[in-house]
Amino acid sequence: MKSDMDDLMPRLLPVECGDSSAELKLDGPPRNPQEYLRQVQLEAALCPEVVVAQLDPKKLKKQQTVNASVAGCHAAPAGFSPSLSWQQRQNITKNRQRWCSHSLDGNVLMPKQTDEEGWKRFCLGELVYQGVSPSNTDAEAGLNYGKVGFPPFLSIVSRLSQSTVLTVLEILICWFEEQLFVPQLGRWLYALLACLEKPLLPEAHSSIRQLARRCAQVRTTLESQEDENLPALNLLICLVARYFEQNDLADQPE
């Protein structure tokens, strides 16, 4: 005859019940595997079906709080932030539909997903990776993608899985935390954001917010509104804040 416990939790191992359990001693070590299984059965049978915890309300904390830091972006200096109408016009969805039709050049060998240093060299180029100043490069470097980095061709970024997009985005954002903004970085960050699908994964949410804060921080160091990096920084902040709806990071109209 089956017990209620057998109906809820079918036995996985056959255990012979024997004629009596009187010879079993729960306070002593089992002498063989069969005796061990019988001890487990008997201990389970002695447990009450319902257990109610006895709590002392005086020992419970009356209030539990969690401290979370949600930092916003550095405010842009006067005249450095774009207008609200400009921000609202920026949209990257329309560019995605035509990417998959482009073929990939057979000479382009992309790094493996987990190759952090390889992606830095691939996207930024050996010169930027090594910290060589553009003024010290030769004229032929512009024709050598190994030196100046591969541009984010549509044929390249359209073939990146979402996992790879997020991985490369995190690699470049971490690099940007310690380095200066360069055009190669801006092009790749924009392209990767364009490939990032909504709704965002939690790790993507954190990464793009980190990117927007870093861009805003770098923007505060610019000396002129004519700086060539200002439009790119504004665009990245705008995409994170407006397109990905991180509204607390958005530039406010002056």
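In this predicted model, helix α10 is followed by Glu-245, whose phi is positive, near 60 degrees. The helix itself covers residues 230-243. Its 14 residues reach 19 Å from the first C-alpha to the last, close to the 20 Å expected at 1.5 Å a residue. α10 is mostly covered, with 10 of its 14 residues buried. Among these are Leu-230, Leu-233, Leu-236, Ile-237 and Val-240. Asn-234 and Tyr-243 also belong to the buried set.

Helix α4, residues 116-129, also has 14 residues. Its end C-alpha atoms, however, are only 12 Å apart. A straight helix would reach 20 Å at 1.5 Å a residue. α4 bends by about 90 degrees, and the bend falls at Cys-123. Just after α4, Gly-131 adopts a positive phi of about 80 degrees.

Cys-123 is itself one of the buried residues of α4. The others are Gly-118, Trp-119, Lys-120, Phe-122, Leu-124, Gly-125 and Val-128. Their cover includes four helices: α5 (145-148), α6 (154-157), α7 (162-178) and α8 (183-195).

Gly-125 was examined individually. This residue lies in helix α4. Its relative accessibility is 0%, so Gly-125 counts as buried. Leaving aside neighbours within four places in sequence, Gly-125 is in contact with Lys-120, Gly-146, Lys-147, Val-148 and Gly-149. Pro-151 is 26 residues from Gly-125 along the chain, and the two C-alpha atoms are separated by 9.6 Å.

The packing of α4 against α8 was then considered. The two helices pack at an angle of about 170 degrees, with their axes 9 Å apart. α4 is therefore roughly antiparallel to α8, since angles over 145 degrees are classed in this way. On the α4 side, Phe-122, Cys-123, Leu-124 and Val-128 take part. They meet Gln-184, Leu-185 and Trp-188 of α8. The bend residue of α4, Cys-123, is thus named among the residues that meet α8.

Leu-185 also appears in the largest nonpolar core, which has 48 residues. Leu-172, Leu-185 and Leu-193 touch the most other members of this core. α4, α6, α7, α8, α9 (202-219) and α10 each supply at least two of its residues. The most comes from α7, which gives 9 residues. Both 14-residue helices described above, α4 and α10, are among the contributors to this core.

How values were computed:
Residues are numbered from 1 along each chain as its sequence is written. This is a predicted model: local features need pLDDT of at least 70, side-chain atom pairs count only at pLDDT 80 or more; totals for chains, interfaces and linings use all residues. Side-chain values use heavy atoms; hydrogens and water are left out. The expected span of a helix is 1.5 Å times one less than its number of residues. The bend at a residue is the angle between axes fitted to the seven residues ending there and the seven starting there. Buried means under 20% relative accessible area, exposed over 50%, partly exposed in between (1.4 Å probe, protein chains only). Contact means heavy atoms within 4.5 Å. A nonpolar core is a set of buried Ala, Val, Leu, Ile, Met, Phe, Trp, Tyr and Cys residues joined through side-chain atoms within 4.5 Å. Axes are lines fitted to C-alpha atoms, for helices over the stretch in contact, and angles run from 0 to 180 degrees between N-to-C directions. Angles under 35 degrees count as roughly parallel, over 145 as roughly antiparallel, 65 to 115 as roughly perpendicular and the rest as oblique.
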